[in-house]
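User: Please give me a close look at one part of this model, with a little background on a whole chain beforehand. I am new to this, so plain words would help.

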Amino acid sequence: MSAAAMNSQTRRERRRRERLVERDAAIPVELYGLKRGTVTALTTCCVLFALFTLAPVVWVIINSTKTQSNIFGSFGFWFASPFEFFHTFANLFRDIDGDGTYANWFLNTVLYSLSGGIGATVLAVLGGYGFARFEFRGSKAFFAIIIAGLLVPITLVAVPLYLAYAKVHLINSVWGMILPSMVVPVGLYLMRTYVELSIPRELIDAARIDGASELRIFLRIALPLMVPGLMTVLLLSVAGTWNNYILPLIIFSNNQLFPVTVGMGLWSQHAGNSGDANLYPLLVLGGLVTIVPMIALFALLQRYWRGGLLLGSVAN
Amino acid sequence: MSETALRPSAPAVTPPSTPGKRRRRSAYARRQGRAGLAFVTPFMIIFTLIMIAPLGYAVYQSLYTTKLIGGTSFSGFANYSTVLQSGDFWDGVIRVIIFGGIQIPVMLAIAFFFATIFDLGVARWGPLFRAVYFIPFAVPIVVSSVMWGFLLDPAYGPFNHLMNAIGFHNFNWLSGNLMIPSIIIIAIWEWTGYNCIILYTALKSVPRDVIEAAILDDTPLWRIIVRIKLPMVRPAIIMLVFINTIGAMQLFIEPTILNNYQAGVVTNTWTPVIDIYSTAISNGQYQLGAAMAVVLAVIIVAISVASLGFRGRRREQ
Amino acid sequence: MSAISMEKLSKVYSSGVSALAGLDLEVRDGEFVVLVGPSGCGKTTTLRMVAGLESITSGTVRLGDLVVNDVSPRQRDVAMVFQNYALYPHLTVAENIGFALINKKVPKPDRERRVRSAAAALGLMDLLGRKPGQLSGGQRQRVAMGRAIVREPSVFLMDEPLSNLDAKLRVRMRSEVLRVHKAIGAATLYVTHDQVEAMTMGDRVAVLHDGELQQYATPRELYDRPANLFVAEFIGSPEMNLYEATVTGDELLLGSQRLSLGPARTLLAPYRGRTVIAGIRPEHLELDGGAGAGHAGMATLVADVRVVEELGDEAHVFFSIDATAAGASMLAAAAGEAEAGLLAGATHNGIARTNSRSAVRRGQRVTFRVDTERIHFFDPDTSMAVPRMPR
Ligand SMILES: Nc1ncnc2c1ncn2[C@@H]1O[C@H](COP(=O)(O)OP(=O)(O)OP(=O)(O)O)[C@@H](O)[C@H]1O
Ligand SMILES: [Mg+2]
């Protein structure tokens with residue numbers, strides 16, 4: 001048996017065991033005193049809502065294979081020939097109507113999301129640890145200000161940012177996009193809560209008594225324990241930048257710098273009168289290509305973020 | 001570091017003559033304070049640069065007016081009085097309040113319903129449904145608006161075919177009357193899964209024995225849910241109301257994109273943020289736009305504080 | 001009639017853990033039965049199966065005459081006090097106590113009367129408006145009791161209800177729980193891992209170990225006639241001293257010391273020439289004042305005192321004799337000490353409980369007197385007690 005096969009087998013075994021333990025930990029359904037048929041009825045509700053949830057996704061998948069005229073002319077929830085998927089896919093790499101190239105936008109989105117997300121996570125991890133485990137003059141006030149930052153509408157910041165950028169030549173600069181993406185007050189808040197719940201003060205004090213420097217304590221003791229919370233923050237901040245629309249819309253006028261969201265917004269605006277350019281299939285397939293990496297990321301990392309999302313409500 | 005530690009510092013003993021004064025912190029505490037400051041400084045710098053400074057700048061700008069002739073001059077609260085007297089702006093505010101007032105309760109009810117089902121395990125394939133419902137959270141709002149635009153398209157959209165098939169001809173999901181309901185449907189599609197997961201996690205943390213005690217007391221299931229589970233996840237619900245309200249007040253992307261499928265319904269004052277965007281960016285009236293943004297921020301903060309106050313009052317009882 | 005009876009009750013969790021193996025246990029009407037055993041032995045599991053919260057892998061549970069294996073916990077008319085009390089945190093004390101009555105659709109005036117009388121019985125009258133978060137541990141415990149008694153159930157289940165309290169409060173609450181039990185009169189199954197609690201509270205005590213019943217008897221019986229080595233060691237504090245001993249004719253050879261057996265001789269006849277395990281409770285070792293031998297069954301044991309622990313009213317004398325210790329804990333302790341390389345002189349293999357005024361010092365050689373009738377004998381192969389003669 002190959003190592004990979006064995007690996008997947010042990011993984012399956014572990015998952016099976018986890019499921020059984022979970023079953024032991026749950027209250028058996030019989031104890032709720034349900035009427036006969038309740039489970040079926042509720043399962044039906046779940047199916048209906050799942051259909052509602054999946055309908056647009058299924059529609060996108062099906063219609064990413066169609067021509068522009070079939071997207072409008074044929075039944076939306078079934079395939080129609082010709083099969084245009086690869087043709088459309090190739091067009092994602094071309095500037096088809098002068099608005100710009102999808103592939104280019106996609107790379108921009110990846111760049112902004114990764115650098116913004118990683119930067120946001122680093123700042124949140126450092127800051128969350130600092131606020132959770134140190135007291136210094138003004139720490140309470142600083143933290144209160146950051147919490148107030150949760151309430152500030154992004155638009156309120158976007159407009160003056162635009163004005164400020166105009167002064168310091170950050171319009172149409174990559175940094176104009178990345179720097180704001182690194183400010184995620186929710187992330188800092190989550191990290192602080194996470195540290196308070198999962199890293200006991202005594203642990204840090206013990207390390208201090210052993211003579212470790214603060215930096216060393218952070219890197220060798222706190223950081224490893226913060227990984228699950230850190231992954232949640234990373235995922236949320238990457239997704240936040242991936243989805244961001246209004247900030248890039250305001251600060252970029254150069255199509256070359258657009259992220260996918262702004263590019264697609266532009267296409268959807270032009271698609272109606274783009275003549276022969278056939279933008280609708282691109283819009284559909286572009287949407288699909290944008291979704292897939294995010295779904296994959298969330299699916300891969302789900303054991304981290306599932307517990308983490310709730311942290312915000314634990315502390316209060 | 002070691003040098004500062006060696007330097008003779010202020011006397012360790014506080015002179016007894018100043019009893020009212022705060023005790024000086026020990027050298028150890030001060031050293032730690034400095035370390036703490038070092039950890040939070042990177043965030044604080046960028047936060048100041050990106051949030052605080054622009055906010056201050058916005059407030060500053062909102063007090064000035066630029067005229068075609070005469071340049072920029074201080075105009076006091078003139079911009080604010082323009083905003084406050086603008087019928088269009090307030091129509092937009094009321095529109096998003098109506099939108100949020102319907103969308104948030106409906107969505108939270110749906111999310112709580114499914115979260116409860118998943119928590120109790122009273123439907124088959126719970127984990128699968130949980131994952132499916134979460135998918136829309138991974139879809140950028142621009143993309144979901146584009147998708148829903150296709151689905152609801154008045155001429156070709158499949159949902160229109162559906163309405164035709166069941167006898168509603170000339171049905172237009174994106175007409176003036178139905179634009180808000182349609183956006184509510186889209187927002188429910190986008191956010192229910194996320195809210196559901198958070199509620200589910202909160203419900204999971206209700207101790208098992210509390211529920212078992214209720215079962216031994218022969219509590220009917222609906223009463224376990226309404227009288228025990230629901231109150232115990234109140235903090236999570238309050239947090240969600242909070243987040244969703246802030247989001248709803250800033251409605252922008254969905255109407256902007258849907259406007260490309262049905263022109264003419266979404267005016268450029270349709271929601272406050274659309275209004276701010278078109279005033280400040282499209283029309284170049286920065287100062288007026290800044291004033292609008294400040295007013296919107298005040299409204300959002302007021303609503304949030306009001307809901308927090310409500311929560312505090314409930315707690316005291 | 002029995003209020004609860006379990007037959008061959010077993011539980012295997014779906015993750016494969018076997019928590020209980022063929023338990024037979026019976027609680028009579030009005031009886032207070034304590035289920036005791038070390039952590040993880042299956043006490044909670046047993047209780048939860050009686051309540052119906054845990055499915056039964058095999059065997060039967062009867063409440064009264066009725067087999068309840070398939071009866072929902074809602075219909076079993078049992079009340080349970082959980083280890084962590086499981087109070088509803090958002091409801092007041094009064095609402096917590098009255099919650100079950102609302103389910104039973106008891107009319108409001110009646111309900112209030114019953115809540116008040118339960119609260120009065122437990123001294124909770126001043127706390128009715130508080131929430132659990134504002135109560136002390138002991139008060140919470142009483143609310144949990146109140147929630148159970150207000151229902152007037154036919155069976156009471158309690159899972160270590162006192163284990164979260166401090167030592168003083170625990171002692172006080174013991175008598176309070178018993179008082180409530182007397183007043184209600186419902187059959188009670190009470191779980192604890194504390195043998196003192198078990199001995200002082202139970203009409204009968206069931207000792208559980210690794211999912212199996214070791215002995216089910218009155219506290220006195222458990223103390224006087226432990227059925228096996230486990231019970232012998234588990235009951236009594238300090239623990240019983242256990243030694244390997246050889247039976248030779250009329251005498252018992254304990255290391256190099258010979259104890260004349262007296263009447264126990266007949267009992268040990270089948271073991272002549274073989275090894276048995278002899279158990280002596282610390283309180284049955286008397287310091288010999290040099291008054292000479294007493295009656296026929298008295299034997300003497302010479303020991304070196306290692307440590308004396310003064311407790312005020314009594315003293316624990318840690319001694320060593322040249323016999324081989326047999327108790328599980330003593331063996332473990334010996335191994336541990338050897339590993340740690342402690343002062344060789346400090347090792348002990350026995351404890352005696354003596355009068356505090358007896359002025360024994362460490363290093364001294366003393367003589368203990370022991371009534372051989374009070375020595376317990378166990379078969380080294382089966383760990384079972386060598387059957388005693390009926391009194
Ligand atoms: N939900 C469960 N799933 C799997 N195994 C379990 C579960 N609950 C208990 N067990 C196992 O069953 C055995 C008995 O557990 P139980 O809780 O009955 O012990 P206990 O006697 O109450 O112990 P304690 O004094 O620590 O409360 C233990 O080995 C435990 O690990
Ligand atoms: Mg237990």
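Analyst: **From a whole chain to a helix pair**

Chain C has ten helices and 20 strands, taken as DSSP runs (helices H or I, at least four residues; strands E, at least two) numbered from the N terminus. This is a predicted model, where local features need pLDDT of at least 70, side-chain atom pairs count only at 80 or more, and totals for chains, interfaces and linings use all residues. Residues count from 1 along each chain as written, chains are lettered from A and ligands numbered from 1 in written order, and side-chain values use heavy atoms, without hydrogens and water.

Along its principal axes, the C-alpha atoms of chain C fill a box of roughly 75 × 45 × 40 Å. Of its 391 residues, 52% are buried (under 20% relative accessible area, 1.4 Å probe, protein chains only). Among contacts (heavy atoms within 4.5 Å) in chain C with a separation of 6 or more, 71% link residues 24 or more positions apart.

Now for the close look, in chain B. Helix H9 (residues 208-216) of chain B packs against helix H10 (residues 221-232) of chain B at an angle of about 160 degrees, and their axes are 11 Å apart. H9(B) and H10(B) are therefore roughly antiparallel to each other (angles over 145 degrees). From H9(B), Val210(B), Ile211(B), Ala214(B) and Ile215(B) meet Ile224(B), Ile228(B), Lys229(B) and Met232(B) of H10(B). By type, the residues of this contact are seven nonpolar, no polar and one charged.

Key: Axes are lines fitted to C-alpha atoms, for helices over the stretch in contact, and angles run from 0 to 180 degrees between N-to-C directions. Angles under 35 degrees count as roughly parallel, over 145 as roughly antiparallel, 65 to 115 as roughly perpendicular and the rest as oblique. Ala, Val, Leu, Ile, Met, Phe, Trp, Tyr, Cys and Pro count as nonpolar, Asp, Glu, Lys and Arg as charged, and the others, Gly among them, as polar. Buried means under 20% relative accessible area, exposed over 50%, partly exposed in between (1.4 Å probe, protein chains only).
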